[in-house]
Every structure is written in C-alpha cells, then in structure tokens.
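Let us walk through the charged side chains of this chain and ask how they pair with one another.

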Amino acid sequence: MSDNEHLEQEEIFSQVLRAGRRTYFFDVRATKAEDYYLTVTESKKFTHDDGSFHYKKHKIYLYKEDFQEFNEMLKAATDYILEEKGEEVISERHQKDFKRSSDEGEVASTESFTDVNFEDI
C-alpha cells in the first residue's frame, strides 16, 4: 500500500451533506506526523441517456494553519451572497426542463394571480 493510499484511509471523523444531485463529504484525516487536516469532497451524480450513471468528484485539502482565514472568507462570501440575492433558491432555471415565461424573459409571480373557483364561472 502506498503512503497516499494509507493517508486516504486515515479517516478520523466524517460528516455527509446530501444536496440534490450533489453530496458533500467533510472528512478529518491524519497526516504522517499524526496531525489532522480536513478534506471536503463534492461528489456529483451524472445520469446518461441509457439510465447508467457516474460520479464526478472534486476534493480540497484544508490544513489547520488555514482554518481561521478560510472560515472568515467563507463567511464573508456567503454573507455577501445572502445580502445581495436573499435566501431564495433559483436553481430551477438551470434544470433541463425549465421553461422561461414568454413575457420578456421574466418568470411569472403567483402573487398577482387571483384564485378562481370554477363553480363561480
């Protein structure tokens, strides 16, 4: 077994966040010197036309000396996004079957609709 394979097996603590087609893994691992570091892995499922699928994975390694600054920058970036765009999730626009409203590219809001009871017509 190579050192790299050995390092990948030294999982000390793990958490999983499932988010639609994506899954995020937060794994605490041990270095050769028996210090700890964090790996964050994004795994995204892709389905082929024939029903088969595969996963693409992206991984980052985060070491203790970077934790404080990383946390500060992550908080600043997420706070900025929420302040600028709010908490509404608009990812439906990126789905394959999304249909844009023909009204100058704007998505219709249900707030201006009136409830109609067909018995009243």
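Which side chain meets that of Arg22 in a salt bridge? In this predicted model, the partner is Glu42, with a distance of 2.9 Å from N to O. Arg22 belongs to strand E2, which covers residues 22-30, whereas Glu42 belongs to strand E3, which covers residues 36-47, so the pair ties together parts that are 20 residues apart in sequence. As for its surroundings, Arg22 has a relative accessibility of 32% and therefore counts as partly exposed.

The contact fits a general principle, namely that side chains of opposite charge can pair when their charged atoms come close. With a cut-off of 4 Å between a side-chain nitrogen of Lys or Arg and a carboxyl oxygen of Asp or Glu, the count comes to four salt bridges, and two further ones can be followed here.

One of them joins Asp35 and Lys64, whose closest N and O atoms are 2.7 Å apart. This pair, too, links distant parts of the chain, since Asp35 sits in the loop between E2 and E3, while Lys64 sits in the loop between strand E4 (53-63) and helix H2 (67-85), 29 residues apart. Asp35 is partly exposed, having a relative accessible area of 34%, and Lys64, at 44% relative accessibility, also counts as partly exposed.

Another salt bridge is formed by Asp27 and Arg29, where the closest N and O atoms are 3.5 Å apart. Are these two residues buried or exposed? Asp27 and Arg29 are both buried, which means that each has under 20% relative accessible area.

How values were computed:
Residues are numbered from 1 along each chain as its sequence is written. This is a predicted model: local features need pLDDT of at least 70, side-chain atom pairs count only at pLDDT 80 or more; totals for chains, interfaces and linings use all residues. Side-chain values use heavy atoms; hydrogens and water are left out. Helices (H or I, at least four residues) and strands (E, at least two) are DSSP runs, numbered from the N terminus. Buried means under 20% relative accessible area, exposed over 50%, partly exposed in between (1.4 Å probe, protein chains only).
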